Amino acid sequence: MEERRLGPVVGLGTWNTFGGDDELARRVVNAGFAAGCRSFDSSPMYGEAERSLAIALDGRRDDSIVATKIWTPSTRDGQEQFARQIELFGRVEVEQVHNLVSWEEHLPWLEAEREAGRIGRIGVTHYDPGVFGELERALASERFETVQVPLNPFEREAEERILPLAAELGVAVLVMRPLGQGALLRRGPSAEELEPLRGLGIETWPQALLKWALSDDRVDLAIPATRSPDHARENAVAGEPPWLGPDERDLVERLAGA
Ligand SMILES: NC(=O)c1ccc[n+]([C@@H]2O[C@H](COP(=O)([O-])OP(=O)(O)OC[C@H]3O[C@@H](n4cnc5c(N)ncnc54)[C@H](OP(=O)(O)O)[C@@H]3O)[C@@H](O)[C@H]2O)c1
């Protein structure tokens with residue numbers, strides 16, 4: 001098994017952003033890549049995002065981590081989704097069972113693909129704390145190496161239930177919705193309010209939120225999504241130390257109004 005840690009780093013999510021817009025994907029991925037972003041999360045559920053991502057990563061696959069998903073109750077359809085991913089990406093570094101859909105049925109063939117070297121790690125995702133009991137059961141099988149859950153100052157259920165279990169089992173944690181799907185950015189703090197965080201490499205409110213998530217040492221990868229090359233650059237920079245201590249994390253929570 002590869003070493004547990006994938007980070008702490010900032011990656012790039014692809015839900016609801018460039019879809020099948022290959023040129024936009026290229027510009028966003030290029031900007032993120034130039035700023036150090038190397039991990040990219042996608043899914044067959046995100047329209048044509050996988051295809052656009054593959055085109056944008058062409059020639060850079062040795063230096064990138066693709067975390068994508070299998071999203072179907074049918075193992076046969078899942079294997080077809082995987083065959084397409086292999087055509088697009090050559091190999092899948094992190095293959096996740098999306099929303100726990102038929103996870104017990106998918107695991108045997110995913111494990112065979114990992115054995116064959118076409119998958120690096122097998123993971124599982126869910127966005128809804130109401131289903132964390134089932135997510136805990138999946139992790140307790142000790143057959144997953146990554147888990148993806150929401151985490152931001154307003155969505156902290158994973159801290160109680162999923163993060164401790166992941167740390168205990170040596171499972172890497174990917175954070176979806178680190179910016180609350182953009183909702184946490186609508187009324188950001190002023191430059192003055194961010195001043196105490198500047199010494200920690202934080203210039204902007206999105207960077208503060210990303211560092212907040214990554215400063216929990218049980219978290220590996222935050223995957224903000226964006227359609228903007230400038231935002232991709234700004235976000236990637238937040239994946240570098242120094243990290244926030246408890247007081248600075250408290251401050252970010254207060255600034256978020258949580
Ligand atoms: N949401 C879910 O339920 C879910 C489920 C499974 C997996 N995921 C994965 O997690 C990824 C991230 O979650 P998410 O896309 O739901 O939400 P998110 O990353 O928390 O927020 C995305 C929003 O933030 C804005 N944004 C990003 N960087 C910004 C910046 N520097 N400045 C200003 N605005 C910025 C984007 O708008 P701009 O385009 O204007 O930058 C976009 O509207 C997904 O793309 C997907 O890969 C999500």
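The paragraphs below lead through the empty spaces in this predicted model and then through two places where its helices pack together.

We can begin with the spaces. Rolling a probe the size of a water molecule over the atoms shows where empty space is left. In this model the count comes to 1 cavity of 30 Å³ or more, and the largest cavity has a volume of about 50 Å³. Its lining is formed by Val10, Gly11, Leu12, Val28, Val29, Gly32, Cys37, Pro224, Ala232, Asn235 and Ala236, and the elements that give two or more residues to this lining are helix 1, which covers residues 22–34, and helix 9, which covers residues 229–237. When the lining residues of the largest cavity are sorted by class, 8 are nonpolar and 3 are polar, while none is charged.

The largest pocket, which is an open space rather than a closed one, holds about 750 Å³. It is lined by 30 residues, of which Trp15, Arg177, Gln181, Ile223 and Ala225 are the closest to its centre. Helix 9 appears again here, since the largest share of the pocket lining, 3 residues, comes from this helix. By class, the lining of the largest pocket divides into 12 nonpolar, 13 polar and 5 charged residues.

We can now turn to the packing of helices, starting with helix 1, whose axis comes within 8 Å of the axis of helix 2 (residues 49–56), the two crossing at roughly 55 degrees. Helix 1 and helix 2 are therefore described as oblique to each other, and their crossing is right-handed. On the side of helix 1 the contact is made by Asp22, Ala25, Arg26 and Val29, and on the side of helix 2 by Arg51, Ser52, Leu53, Ile55 and Ala56. This contact has 5 nonpolar, 1 polar and 3 charged residues. Val29 of helix 1 thus has two roles to follow in the structure, as it belongs to the lining of the largest cavity and also to the contact with helix 2.

A second pair is formed by helix 8 (residues 205–214) and helix 10 (residues 246–256), which pack at an angle of about 130 degrees with their axes 10 Å apart. That angle makes helix 8 oblique to helix 10, and the crossing of this pair is left-handed. Here Trp205, Ala208, Leu209, Trp212 and Ala213 in helix 8 meet Arg249, Val252, Glu253, Leu255 and Ala256 in helix 10. The contact of helix 8 with helix 10 has 8 nonpolar and 2 charged residues, with no polar ones.

Note on methods. Residues are numbered from 1 along each chain as its sequence is written. This is a predicted model: local features need pLDDT of at least 70, side-chain atom pairs count only at pLDDT 80 or more; totals for chains, interfaces and linings use all residues. Side-chain values use heavy atoms; hydrogens and water are left out. On a 1 Å grid over the protein atoms alone, a cavity is a set of points where a 1.4 Å probe fits but cannot get out, and a pocket is an open set with protein on both sides within 12 Å along at least five of seven lines; lining residues have an atom within 4 Å of a point. Grid points are joined across faces, edges and corners, and a volume is the space filled by probe spheres set on the points. Helices (H or I, at least four residues) and strands (E, at least two) are DSSP runs, numbered from the N terminus. Ala, Val, Leu, Ile, Met, Phe, Trp, Tyr, Cys and Pro count as nonpolar, Asp, Glu, Lys and Arg as charged, and the others, Gly among them, as polar. Axes are lines fitted to C-alpha atoms, for helices over the stretch in contact, and angles run from 0 to 180 degrees between N-to-C directions. Angles under 35 degrees count as roughly parallel, over 145 as roughly antiparallel, 65 to 115 as roughly perpendicular and the rest as oblique. A crossing is left-handed if the near helix is turned anticlockwise from the far one by less than a right angle, and right-handed if clockwise. Contact means heavy atoms within 4.5 Å.
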